[in-house]
Amino acid sequence: MAHAQGKYADFEGLRERAIALRRQGYSLRQIRDELQVHNKGMLQRLVEGEPPPAWTKRPRAKDDMRERARELRKQGWTYNEIQAELGCSKSSISLWVRDLPSPERRQPDMTAARRGLERAVKNRAIAREELRNAAYAEIGPLTPRELFLVGVGLYWSEGAKAKAGAHRRIIFVNSDPNMIKLFLRWLDLLGVEPERRRFSVNIHESADIAKAEAYWADQVGIDVGALLKTSLKKHNPKTNRTNTGEGYYGCLRVAVLQSADLHRRVEGWWYGIVGAAPATDLPNRT
């Protein structure tokens, strides 16, 4: 120390200058270079009692993170949740909050889960609707020939077929009003007069018969009194039926009088379609 005192004989003068520099915001390194004092102990003595300037202090990011972790722990957050929020290690979290009591196990937020499920269901419904609307737009108007071909396929898939030895007759039964309407347009195209058409309702006896009759009469544009006698199906309580409730109206049966020849022609048209479209010639829509 005597050697140091000899080298820096004017200690008080150096101290005054060091303090002045310190108060101007100089760091220890800057004071060292300015005063050419390279002895660390001497440098510390020269500025003893003077706080370092704010800009030289180390950032308190770790301290702030620690305080935030403690706040979250007091709110009942788990280590995993705190780690995800702050991006620090679990070991650091454990060190910071080890004096705090463990939070009570929280019940899952069922409200948030339910909202998430409702959003997912809604989004799926929107996607299905968009897909259906796009497909609808792809069709465009039908030409008479296209309607003719669609009607043949519709009848042969849904209409009555002739059993061996039985009387042939055009009969179409369906619960979908759009199918019924398309079938009637097809009959218009074929020139089948409205006077030859007969309508009747097929429905379970446990349903609202009068309501169903009014519904189908309105769908095909006739008076309820023009319907033939409704056919009732016996109710079987052991059967697990899904076609019940407010929207259940049974089926509408459409029969065409004097239609044996038309039935034979429909059969011929159908097999003509089958013969005209061999599987090897069908377009590849992959």
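# Exercises on a predicted model

Four of the five residues of strand β1 (residues 170-174) are buried, so β1 is largely enclosed by the rest of the structure. The model is a predicted one, and the exercises below begin from this strand and work outwards.

**Exercise 1. Find which strand pairs with β1, and in which sense.**

Solution. Start with the overall inventory: the chain holds 12 helices and four strands. Next, look for the bridges of β1, which pairs with strand β4 (residues 251-256) in the antiparallel sense, over five bridges. To place one of these bridges, take Ile171, whose partner in β4 is Ala255.

**Exercise 2. Work out how β2 is connected to β4 and to β3.**

Solution. First locate strand β2, which covers residues 197-204 and has six buried residues among its eight, so that this strand too is largely enclosed by the rest of the structure. Then follow its bridges to β4: there are six of them, and the two strands run antiparallel. Within this pairing, Arg198 has Ala255 of β4 as its bridge partner, and Ala255 is also the β4 partner of Ile171. Finally, turn to strand β3 (residues 231-233), with which β2 pairs over three bridges, this time in the parallel sense; here the partner of Ile203 is Leu232.

**Exercise 3. Decide whether His263 is buried or exposed, and list what it touches.**

Solution. Begin with the position of His263, which lies in helix α12, a helix that spans residues 260-276. The relative accessibility of His263 is 0%, and because buried means under 20%, this residue counts as buried. Setting aside residues up to four places away in sequence, His263 touches Tyr155, Trp156, Ala160, Lys161, Ala162, Arg168, Arg169 and Ile170.

**Exercise 4. Identify the side chains with which the side chain of Arg168 makes polar contacts.**

Solution. Arg168 is placed in the loop between α9 (144-158) and β1 (170-174). One polar contact, of 3.1 Å, joins its side chain to that of His263, and another, of 3.0 Å, links the side chain of Arg168 with the side chain of Glu267. To complete the surroundings, leave out neighbours within four places in sequence; Arg168 is then in contact with Ala162, Ala260, His263, Arg264 and Glu267.

**Exercise 5. Describe the largest pocket by its volume, its lining residues and their classes.**

Solution. The volume of the largest pocket is about 230 Å³. Its lining consists of Leu142, Leu147, Asn178, Lys181, Leu182 and Arg185. Sorting these by class gives three nonpolar residues, one polar residue and two charged residues. As a last step, ask which element supplies the largest share of the lining: helix α10 (residues 177-190) does, with four residues.

**Exercise 6. Determine where Gln36 and Gln258 are placed, and how exposed each one is.**

Solution. The background is that most residues other than glycine have a negative phi. Gln36, however, has a positive phi near 60°, and this residue is found in the loop between α3 (28-35) and α4 (40-46). With a relative accessibility of 48%, Gln36 counts as partly exposed. Gln258 likewise has a positive phi, of about 50°, although it is not a glycine. Its place is in the loop between β4 and α12, where Gln258 has a relative accessible area of 75% and is exposed, because exposed means over 50%.

**Exercise 7. Find how far apart in space Trp77 and Pro103 are, and do likewise for Pro101 and Gly76.**

Solution. Take Trp77 to begin with, a residue in the loop between α5 (61-74) and α6 (79-86) that counts as partly exposed at 21% relative accessibility. Trp77 and Pro103 are 26 residues apart along the chain, and their C-alpha atoms are separated by 7.1 Å. Now take Pro101, placed in the loop between α7 (90-97) and α8 (110-139) and exposed, with a relative accessible area of 65%. Between Pro101 and Gly76 the separation is 25 residues in sequence and 9.5 Å in space, from C-alpha to C-alpha.

**Exercise 8. State what share of the chain is buried, and what share of its contacts joins residues 24 or more positions apart.**

Solution. Of the 286 residues in the chain, 28% are buried. For the contacts, consider those with a separation of 6 or more: residues 24 or more positions apart account for 70% of them.

Conventions. Residues are numbered from 1 along each chain as its sequence is written. This is a predicted model: local features need pLDDT of at least 70, side-chain atom pairs count only at pLDDT 80 or more; totals for chains, interfaces and linings use all residues. Side-chain values use heavy atoms; hydrogens and water are left out. On a 1 Å grid over the protein atoms alone, a cavity is a set of points where a 1.4 Å probe fits but cannot get out, and a pocket is an open set with protein on both sides within 12 Å along at least five of seven lines; lining residues have an atom within 4 Å of a point. Grid points are joined across faces, edges and corners, and a volume is the space filled by probe spheres set on the points. Ala, Val, Leu, Ile, Met, Phe, Trp, Tyr, Cys and Pro count as nonpolar, Asp, Glu, Lys and Arg as charged, and the others, Gly among them, as polar. A polar contact is a pair of N or O atoms within 3.5 Å; within protein, one must be able to donate a hydrogen and the other to accept it, and residues adjacent in sequence count only if both atoms are side-chain atoms. Contact means heavy atoms within 4.5 Å. Buried means under 20% relative accessible area, exposed over 50%, partly exposed in between (1.4 Å probe, protein chains only). Two strands pair if DSSP finds at least two bridges between them.
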